[in-house]
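I opened the notebook to follow the aromatic rings first. After that come the cores, one helix and the strand pairing.

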Amino acid sequence: MKIGLAQSNDIDGWIKLLELVKDNFPGLDMDEYKKGLSIRILEQGALVAKENGVLIGALLFSRESKELEFLAVHPQYRRLGTATALIRYMFAFFPKGSCFTVITYREDDPKGKAARELYKRIGFTPGELIMVFDYPCKKFIYTNE
């Protein structure tokens with residue numbers, strides 16, 4: 001598996017991956033997402049994981065707010081360390097002591113069980129309860145040490 005900054009020629013593969021997992025992202029507007037993706041690629045805030053040239057994982061992050069904004073792994077490549085590798089690659093762009101956030105499903109929502117376990121395993125700690133797109137969510141926080 002190779003991880004690196006996304007390029008404009010990764011957009012088609014990214015959208016194919018998104019089509020597979022879009023039900024896990026309430027409020028997702030594909031047209032708006034595509035616009036935001038192009039911007040994040042230009043800002044070097046988009047990472048991809050590839051296996052034999054096929055995009056198997058994707059991560060969007062904000063350098064300004066230090067927020068992990070989007071993370072998805074192809075269903076056939078889950079539980080192989082792809083998500084962890086993408087997150088750790090993102091951390092390398094920031095100095096030690098940086099504080100990151102990610103928003104995911106709340107504890108009682110079965111959709112987010114795997115994501116919550118992943119974030120906790122990496123070292124994120126649960127934060128405040130919030131609403132995103134009229135959907136109940138939870139913020140997690142991580143300090144890069």
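For the aromatic search I paired rings of Phe, Tyr and Trp (its six-membered ring) if their centres lie within 6.5 Å. I kept in mind that this is a predicted model.

**Entry 1: rings**

I ran the ring search, and the count came to 13 aromatic pairs. I looked at F91 and F100 next. Their ring centres are 4.8 Å apart and the planes meet at 40°, so I logged the pair as tilted. I checked burial for both partners. F91 is buried at 5% relative accessible area, and F100 is buried at 0%.

I then turned to Y119 and F140. Their ring centres lie 6.4 Å apart with planes at 45°, so this pair is tilted. Y119 sits in helix 4 (residues 113-122) and F140 in strand 7 (residues 135-143), so the pair ties together parts that are 21 residues apart in sequence. Y119 counts as buried at 6% relative accessibility. F140 counts as buried at 0%.

Which residues make up the aromatic cluster? I listed F61, Y89, F91, F93, F94, F100, Y119, F124, F140 and Y142 as one cluster.

**Entry 2: cores**

I looked up the largest nonpolar core and found 22 residues in it. L59, L71, I87, M90, Y119 and F124 have the most contacts inside this core. I asked which elements each supply at least two residues of it. They are strand 2 (46-51), strand 3 (54-62), strand 4 (67-73), helix 3 (82-91), strand 5 (99-105), helix 4 and strand 7. Helix 3 gives the most to this core, with five residues.

I pulled the contacts of Y119, leaving out residues up to four places away in sequence. Y119 touches L68, L71, I87, V102, T104, F124 and F140. I also found another core, of 17 residues, lying apart from the largest one. Its members include A6, M30, L37 and I41. I noted the background: in soluble globular proteins, nonpolar side chains tend to be buried together.

**Entry 3: helix 1**

Which residues of helix 1 (residues 11-21) are buried? I found W14, I15, L17, L18 and V21. Seen down the axis of helix 1, the buried residues fall within an arc of 160°, so they line one face of the helix. I recalled the general rule: an α-helix has 3.6 residues a turn, so residues three or four places apart point the same way.

I checked the face of helix 1 turned away from its buried side, and it carries the exposed residues D12, K16 and L20. I then asked what covers the buried residues of helix 1. The cover includes helix 2 (30-42), strand 2, strand 3 and strand 4.

**Entry 4: strands**

I traced strand 1 (residues 2-5) to strand 2, where four bridges join the two and they run antiparallel. G4 has V48 in strand 2 as its bridge partner. I moved on to strand 2 and strand 3, which pair in the antiparallel sense over six bridges. A46 stands opposite L60 in strand 3. Strand 2 and strand 3 form a hairpin with two residues between them. I noted N52 in the turn, with a positive phi of about 50°.

**Entry 5: R121**

Buried or exposed: what is R121? I found R121 in helix 4, exposed with a relative accessible area of 56%. I took one distance from R121. Its C-alpha atom is separated by 9.2 Å from that of T84, and the two residues are 37 apart along the chain.

How values were computed:
Residues numbered from 1 in each chain as written. Predicted model: local features only at pLDDT ≥ 70, side-chain atom pairs only at ≥ 80, totals over all residues. Heavy atoms only, no water. Phe/Tyr/Trp six-rings, centres within 6.5 Å; stacked < 30°, edge-to-face > 60°. Buried < 20%, exposed > 50% of the residue type's maximum accessible area, 1.4 Å probe, protein only. Core = buried A, V, L, I, M, F, W, Y, C linked by side-chain atoms within 4.5 Å. Contact = heavy atoms within 4.5 Å. Arc of directions from axis to C-beta. Pairing = 2+ DSSP bridges.
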